[in-house]
Structures are given as C-alpha cells and as structure tokens.
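Reader: I have a predicted model open and don't know where to begin. Could you talk me through one spot and then what surrounds that spot?

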Amino acid sequence: MDCDRACDLLGAYRDGELGVDESAGLAAHIAGCKTCRDTLAEYDRLGRALAAEGRRPMPLSLGPKVRRTLDTEDADGIAAEARSWRMPRTRSGAMAFASRAAMLLVACSLSAGTSWFLATRGDRIEQIERDVVSAHVRSLLADSPVQVATSDQHTVRPWFAGRSDLAPDVKDLASQGFPLVGGRLDYVDGRRASVLVYKRRLHTINVFLWPSPGNADSALRATTRNGYTLLAYTRGGVTTWLASDLNTEELKTLASLL
Ligand SMILES: [Zn+2]
C-alpha cells in the first residue's frame, strides 16, 4: 500500500470502518511509515481535542467563508480559519493534513446543519400548505364559507376586532371582478387566522391572514396542492395565504389588489 492510499484510509481506519484485509494492509503500512504514523497520531489528537471542546456554536463569520471557499475550491483560507478557531498550532508534519480534516469537519457540519434547516423549513411549509388546503375545503363543505356575510368592508374589519389576533385591511374588489363575500375565523398551523372570502365568477377564494411580527417581507410564492392553487407571502409583519381552485394568474391578480 502506498502513502496516498494509506492517507485516504486513515480516517476510516481510526473509526473501525475498514474491512479486515484493508485494515491489516494499512496496519502493516503504518508500522513501517513514520509519516502515516504521525498523521494517525494527529487524527487521534484532533479527535480528542474536538471531543474535549464539546459542541460549540460555529462563529457566524465562518459560514459565509466556508461557502465562498467551497465555491472557489481554495481551501487554504478556510484551513487557516479552522486552525485559528479550533486547533492549537503544532509543529507536527501532519498539521496540514489535520487542518484539512478540520476544514472538512466544519464543512460537513455546516452542510448537515444547512440541510437540516432546509428540511425542517420544507416540512413546516408543507404542513401549512396542508392546513390551508384543509381549511379551504372545510369552508366549501360548510353551509357558508363566512361567519359575517357582507360585501361591506366597513362591517367586516370591526367584526374581526376582539375575535382575532388580526383585524386586517378589508377591500371590496367587486369593480375588479373579486366581490367580497365576508369573513370568518379559522384555525391554521396551530393559530387563529382571520379569513377574508372573495369570489371570482363561481370560484371561492379564501384569504388567510395572521400576524407574523419580526418576519421579513417575502416574495410571492405560488404552488398547487391537491388541485388547489396556493399563494403565500409575508408583508409588513402579516403572513397571507390565498387558496382557491382559480388559476394562478387570476389569484395573483387578487393578491396584487389586497
Ligand atoms: Zn505512509
């Protein structure tokens, strides 16, 4: 076994992940190769140092640097960063190799963290989509989709006050082809939502609104679920979801008028 191959296998060897033959071959190489012995010792030292450190929050400045470095494939900067962050300097000849290992550890944990974040966020959005569609369908199955039935915007808004966390701005958009039917309260994503109901020809449109203070404004996101069109956006600390069997373009027109 040559040194390059041995180096590739050292991590797996240390973790007991090699097969019997490969493990024996590598052990024989290590016995006769000071470089690989030193590298393995550095791995052990690094492993102990990381274990002793426990889990510490990653410095905020490091994330963008890792991403930039991975983009440019220039690992030197991040190796220096990892060295200054986690690891005491050492004169060991295996240092460069260990730094690279530390860099990869940082990159792996960052990418795992990012994936976890994205997966969690994806699950959350899917959960809300399901809830919004359920609430929309429930409203269609009920005798009436509204608790306060009126096209008078000046009636609907006060009706929400005291009943809901949010008394939204209400517009009758009949002249634009979206007559206001009324309003109701519903329960979406574990919270009370104020709902405005509009019509477009024979289509019913539910507009769900709830306060989301501190959330940044977001672009309009369109999706379909179970054959229903959904639009979502956050603006001015209010999250809004529109649900209908109307097509996306016409639903976007309503969103732009709200
Ligand atoms: Zn070697």
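Reader: Let's start with Gly237. Is Gly237 buried, exposed or partly exposed?

Author: Count the other C-beta atoms within 10 Å of Gly237 and you get 13. Being buried takes 20 or more, while being exposed means 12 or fewer. A count of 13 fits neither, so Gly237 is partly exposed.

Reader: Where in the fold is Gly237 found?

Author: Look at the hairpin of strand 6 and strand 7, which has 2 residues between the strands. Gly236 is there with a positive phi near 55°. As for Gly237, its place is the loop between strand 6 and strand 7.

Reader: Which residues is Gly237 in contact with, leaving aside its neighbours within four places in sequence?

Author: Try Pro211, which is 26 residues apart from Gly237 along the chain. Even so, 6.0 Å separates their C-alpha atoms. With close sequence neighbours left aside, the contacts of Gly237 are Pro211, Ser212, Pro213 and Asn215.

Reader: How many bridges pair strand 6 and strand 7?

Author: These two run in the antiparallel sense. One of the pairs puts Arg235 with its bridge partner Val238 in strand 7. Strand 6 (228-235) and strand 7 (238-244) are paired over 7 bridges.

Reader: What about the other neighbour: which residue of strand 7 is the bridge partner of Trp210?

Author: Strand 4 and strand 7 run antiparallel, joined by 7 bridges. In general, strands of a sheet pair through backbone hydrogen bonds. For Trp210, the partner in strand 7 is Thr239.

Reader: How many of the residues in strand 7 are buried?

Author: Strand 7 sits between strand 4 and strand 6 in the sheet order 1-2-3-4-7-6-5. Helix 8 (residues 248-257) packs on that sheet and touches strand 7, among others. Strand 7 is mostly covered, and its buried count is 6 of 7 residues.

Reader: Which strands are the edge strands?

Author: The sheet is open and has 7 strands, with antiparallel pairing. An edge strand here pairs on one side only. That gives strand 1 (148-149) and strand 5 (221-225).

Reader: Last one: which residue in strand 4 stands opposite Val195?

Author: Strand 3 (residues 191-200) runs antiparallel to strand 4 (residues 203-211), and 7 bridges join them. Helix 8 touches both of these strands too. Opposite Val195, in strand 4, is Phe208.

Technical notes:
Residues are numbered from 1 along each chain as its sequence is written. This is a predicted model: local features need pLDDT of at least 70, side-chain atom pairs count only at pLDDT 80 or more; totals for chains, interfaces and linings use all residues. Two strands pair if DSSP finds at least two bridges between them. Helices (H or I, at least four residues) and strands (E, at least two) are DSSP runs, numbered from the N terminus. Two residues are in contact if their C-beta atoms, placed from the backbone, lie within 7 Å. Axes are lines fitted to C-alpha atoms, for helices over the stretch in contact, and angles run from 0 to 180 degrees between N-to-C directions.
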